[in-house]
Amino acid sequence: MRPTSLFLLACLNVACISASAGTSGCAATVQELARMTGEPAFPLKWTETTMGDGKPLVVSISERQGVLALEFTKTREGLWAESTGVICPSGVDLEIVFSREQIRLGPAANWLMRQSLGQGGTFRISRLAADRLRIATVGWNGHFVPMK
């Protein structure tokens with residue numbers, strides 16, 4: 001097979017996998033996220049409890065243009081990062097995979113985060129207890145509780 005044909009075949013494969021992801025139990029809306037987690041009132045705002053600098057990240061989950069959006073805001077510093085996409089089950093955890101076009105890093109993101117997330121990546125969301133999450137990505141993780 002010619003290299004061009006192999007490339008087109010690979011692209012078609014990725015497109016088919018991406019198209020089927022939307023129907024495999026992933027959540028693109030807040031309502032679908034609540035259904036997927038089994039929690040009709042799944043909290044949409046969480047605050048970090050494991051920060052070492054006294055400035056917790058606040059994670060907000062919302063919908064934008066038909067997909068979920070995660071926004072990480074560093075207290076007293078501003079936007080850390082925001083990303084859009086679908087949240088999918090991954091074993092017992094959830095994850096949102098994002099491309100470089102889906103993430104925006106804010107002024108509160110340090111150099112290391114800019115290097116590790118600027119080309120895309122994954123936020124993995126693990127349930128530690130009924131009211132506790134662990135959110136992790138390359139080079140960072142934090143524990144969160146729902147905001148009152």
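## Overall surface and architecture

The accessible surface of the chain amounts to about 8,500 Å², and 58% of this area belongs to carbon and sulfur atoms. The structure is a predicted model, and its chain comprises 148 residues, of which 35% count as buried.

Three helices and 10 strands make up the secondary structure of the chain. Read from the N terminus, the elements follow the order α-α-β-β-β-β-β-β-β-α-β-β-β. Among contacts between residues at least 6 apart in sequence, 41% join residues at least 24 apart.

## Pairing around strand β6

Strand β6 covers residues 93-99 and pairs with strand β5, residues 87-90, in the antiparallel sense. Four bridges hold this pairing in the model, and within the pair Cys88 stands opposite Glu95 of β6. The hairpin formed by β5 and β6 has two residues between its strands. In this hairpin, Gly91 adopts a positive phi near 65 degrees.

Strand β6 is also joined to strand β8, which spans residues 120-129. These two strands run antiparallel and are linked by six bridges. Here Leu94 stands opposite Ile125 in β8. Both Leu94 and Ile125 appear again below, among the residues that line the largest cavity.

## Positive phi in two loops

Two residues that are not glycines deserve attention for their backbone angles. Gln65 has a positive phi of about 50 degrees; this residue is found in the loop between β2, residues 57-64, and β3, residues 67-74. Its relative accessible area is 85%, so Gln65 counts as exposed, the cut-off being over 50%.

Arg76, likewise not a glycine, has a positive phi of about 65 degrees. Its place is in the loop between β3 and β4, the latter covering residues 78-85. Arg76 counts as exposed because its relative accessibility of 66% lies over 50%.

## The enclosed cavity

Rolling a probe the size of a water molecule over the atoms shows where empty space is left. In this structure there is one cavity of 30 Å³ or more, and the largest cavity has a volume of about 60 Å³. The elements that each give two or more residues to its lining are β2 and β9, the latter formed by residues 132-137.

Which residues line the largest cavity? They are Leu33, Phe42, Trp46, Val59, Ile61, Leu70, Ile87, Leu94, Ile125, Leu133 and Ile135. By class, this lining consists of 11 nonpolar residues, with no polar and no charged residues.

## The largest pocket

The largest pocket has a volume of about 210 Å³. Its lining is made by 15 residues, and those nearest its centre are Leu57, Lys74, Trp80, Asn110 and Trp140.

Helix α3, residues 111-117, and strand β10, residues 140-146, each supply at least two residues of the pocket lining. How do the lining residues divide by class, and how many fall in each? Seven are nonpolar, five are polar and three are charged. The lining of the largest pocket thus includes polar and charged residues, whereas the lining of the largest cavity has none of either class.

Terms used: Residues numbered from 1 in each chain as written. Predicted model: local features only at pLDDT ≥ 70, side-chain atom pairs only at ≥ 80, totals over all residues. Heavy atoms only, no water. Pairing = 2+ DSSP bridges. 1 Å grid on protein atoms, 1.4 Å probe; cavity = no way out; pocket = protein on both sides within 12 Å on 5 of 7 lines; lining within 4 Å. Points joined across faces, edges and corners; volume = space filled by probe spheres on them. Nonpolar A, V, L, I, M, F, W, Y, C, P; charged D, E, K, R; others polar. Buried < 20%, exposed > 50% of the residue type's maximum accessible area, 1.4 Å probe, protein only. Contact = heavy atoms within 4.5 Å. Areas by Shrake-Rupley, 256 points an atom, 1.4 Å probe, with all protein chains shown as cover.
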